[in-house]
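Here are my notes on this one, point by point. I went through the ligand site, then the pockets, then a couple of backbone oddities.

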Amino acid sequence: MKPEIRVFNDLENLSRAAANLFTAQAAESITKRDRFLVALNGGNTPMRLFRLLATDHRDQVDWKRVHVFWGDERCVPPDDAGSSYGQARDALLSRVPIPDSNIHRIIGELAPVEASGNYSLTVRRFASPPLEWPRFDLVYLGMGEDGHTASLFPGSPVEEAAPVIPVTAHYQYRPANRVTLTPAVFNSARRVVFMVTGAKKAVTLAEVLSDRYNPGQYPAQRINPNDGGSIWLVDEEAASKLPKKNIRNEEE
Ligand code: 6PG
């Protein structure tokens, strides 16, 4: 399925669209399956989304039925500025009535192999047979300037069989030891939403969304949901190198 590309004039409007997707997908999933399984991303881009969910959208979500996971995590303790769990906790999870037992974090303070093993057990508890992992209702992902997504980095070994793997990767000044879900897990999600902003990502984004398939260099290309489809929410700067056809300019 071709990805859907939506272009916004700024991060605020992009984040509002991402929050609307959360609210709508949560309502639909809870109606159909009585729970909503969502995987969050790390990095800077989702911070505004988290704050919107904790404020404007707080009363539109049945938080008791929401289960939060992460697509990846840096191996640092929760109070470290690099912790994806820590930033989501502070901006969102501590501000909404979600039970602690519905928060399924990657234990970043463990060594990568242990954290990966622990998270494998977590995802297995929510497995949607015959899969050995859950079919997430919604997955948010970001993309780095190098084309990585979650902690699937260019040139990293790809263990397609395991749902969770430990990874070592150097990107900007962020923690190198990480744990990530693998493409098979992301691709079984009902919906994947990428959020990409900034001129520095424009060239890479154009490559990732082109017909030139080179996932060794651009791991984000490995994400092609089997039957859910992906939506790319991008700002005008990140979209500046995309071919004008196939993109939808949003008024929001
Ligand atoms: C993480 C991520 C990673 C991130 C991209 C984009 O580092 O935690 O999951 O894949 O989404 O690096 O990060 P920015 O949003 O900060 O550009």
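Which of the 16 residues around the ligand come nearest?

1. Keep in mind that this is a predicted model. The nearest residues in the ligand's shell are Thr45, Asp72, Ala150, Arg174 and Lys201, out of 16 around it. By class, that shell breaks down into eight polar, five charged and three nonpolar residues.

2. Now the polar pairs. Thr45 puts a polar side-chain atom 2.4 Å from an oxygen atom of the ligand. For Arg174, an N or O atom of the side chain is 2.6 Å from a ligand oxygen, and for Asp72 a polar side-chain atom is 2.7 Å from an oxygen atom of the ligand. As for burial, the ligand on its own has 410 Å² of accessible area, and the protein covers 96% of that.

3. Which pocket does the ligand sit in? The answer is the second largest pocket, with a volume of about 350 Å³. Its lining counts 26 residues, and Gly42, Gly43, Asn44, Arg174 and Lys201 are the closest to the centre. Arg174 and Lys201 are also among the residues that come nearest to the ligand.

4. Still on the second largest pocket: strand S4 (72–74) and strand S5 (138–141) each give at least two residues to the lining. Sorted by class, the lining has 13 polar, seven nonpolar and six charged residues.

5. If you run a pocket finder, don't overlook the largest pocket, with about 530 Å³ of space. Lys2, Pro3, Leu209, Ser210 and Asp211 lie nearest its centre, out of 22 lining residues. Helix H6 (202–208) and strand S9 (230–235) supply at least two lining residues each. What is the make-up of this lining by class? It has 13 nonpolar, five polar and four charged residues.

6. Two backbone spots to look at. Ala150, one of the residues nearest the ligand, has a positive phi of about 45° although it is not a glycine. This residue belongs to the loop between S5 and strand S6 (164–168).

7. The other spot is a cis peptide bond, running from Pro129 to Pro130, with omega near 5°. Where is Pro130 found? Look in the loop between helix H4 (112–125) and S5.

Conventions:
Residues numbered from 1 in each chain as written. Predicted model: local features only at pLDDT ≥ 70, side-chain atom pairs only at ≥ 80, totals over all residues. Heavy atoms only, no water. Near = heavy atom within 4 Å. Polar contact = N/O pair within 3.5 Å; in protein donor to acceptor, adjacent residues only side chain to side chain. Areas by Shrake-Rupley, 256 points an atom, 1.4 Å probe, with all protein chains shown as cover. 1 Å grid on protein atoms, 1.4 Å probe; cavity = no way out; pocket = protein on both sides within 12 Å on 5 of 7 lines; lining within 4 Å. Sits in = over half its atoms within 2 Å of the grid points. Nonpolar A, V, L, I, M, F, W, Y, C, P; charged D, E, K, R; others polar. Points joined across faces, edges and corners; volume = space filled by probe spheres on them. Helix = DSSP H or I, 4+ residues; strand = E, 2+ residues; numbered from the N terminus.
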